[in-house]
Amino acid sequence: MTVMTKSIVDFQDEHGRITGWPSDRRRAHQLAILDYLTGLFEPGVSYDQGQIEQVLADHSTLEDPSFLLTELVDGDYLATANGMYWRADGRPGARG
């Protein structure tokens, strides 16, 4: 059985942290990394920017993990409003 998702193991260290960003010609690997990172956040939970950046810093060795936040938002993996972020597939309940 063939798995459609590209492996991200070439872009992880022995602790599972992201160690590099694939080139644009390896877009499928970029998307696999974004899927992996999205899984680090709970659906329906709001996070402030500091919390998001801390999770990304803890799970990558990139010099600028905020790059990953931009990729997650631009790729519609995370949504943002009023300084808060959440998984795009699990918006937190609205408060009236």
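In what order do the three strands of the open sheet lie, and is their pairing parallel or antiparallel? In this predicted model, the three strands form an open sheet in the order β1-β3-β2, and the pairing is antiparallel. The points below take up the sheet, then helix α1 and the nonpolar core, and finally a buried serine in a loop.

**The sheet and the helix packed on it**

- The edge strands of the sheet are β1, covering residues 47-48, and β2, covering residues 78-81, each of which pairs on one side only.
- Strand β3, made up of residues 84-87, pairs with β1 in the antiparallel sense over two bridges, and within this part of the structure Y47 stands opposite Y85 of β3.
- Helix α3, which runs through residues 66-74, packs on the sheet and touches both β2 and β3, while its direction makes about 95° with that of β2.
- As general background, the strands of a sheet pair through backbone hydrogen bonds, and they do so in either a parallel or an antiparallel manner.

**Helix α1**

- Helix α1 spans residues 27-38, and its 12 residues reach 16 Å from the first C-alpha to the last, which is close to the 16 Å expected at 1.5 Å a residue.
- The buried residues in α1 are H29, Q30, A32, I33, L34, L37 and T38, and the buried residues of this helix pack against α2 (49-58), α3 and β3.

**The nonpolar core**

- The largest nonpolar core holds 19 residues, and those with the most contacts inside it are L37, F41, I52, L56 and L72.
- The elements giving two or more residues to this core are α1, α2 and α3, with the largest share, four residues, coming from α1.
- When residues up to four places away in sequence are not counted, L72 touches L34, L37, T38, L56, Y77 and L78; of these partners, L34, L37 and T38 are among the buried residues of α1, and L56 is, like L72 itself, one of the residues with the most contacts inside the core.

**S60 in the loop between α2 and α3**

- S60 lies in the loop that joins α2 and α3, and this serine is classed as buried because its relative accessible area is 6%, which falls under the 20% cut-off for that class.
- The side chain of S60 reaches the backbone oxygen of L56 at 3.0 Å, and L56 is also among the residues with the most contacts inside the largest nonpolar core.
- With its neighbours within four places in sequence left aside, S60 is in contact with R17, I18, P65 and L68.

Definitions and conventions. Residues are numbered from 1 along each chain as its sequence is written. This is a predicted model: local features need pLDDT of at least 70, side-chain atom pairs count only at pLDDT 80 or more; totals for chains, interfaces and linings use all residues. Side-chain values use heavy atoms; hydrogens and water are left out. Two strands pair if DSSP finds at least two bridges between them. Contact means heavy atoms within 4.5 Å. Axes are lines fitted to C-alpha atoms, for helices over the stretch in contact, and angles run from 0 to 180 degrees between N-to-C directions. The expected span of a helix is 1.5 Å times one less than its number of residues. Buried means under 20% relative accessible area, exposed over 50%, partly exposed in between (1.4 Å probe, protein chains only). A nonpolar core is a set of buried Ala, Val, Leu, Ile, Met, Phe, Trp, Tyr and Cys residues joined through side-chain atoms within 4.5 Å. A polar contact is a pair of N or O atoms within 3.5 Å; within protein, one must be able to donate a hydrogen and the other to accept it, and residues adjacent in sequence count only if both atoms are side-chain atoms.
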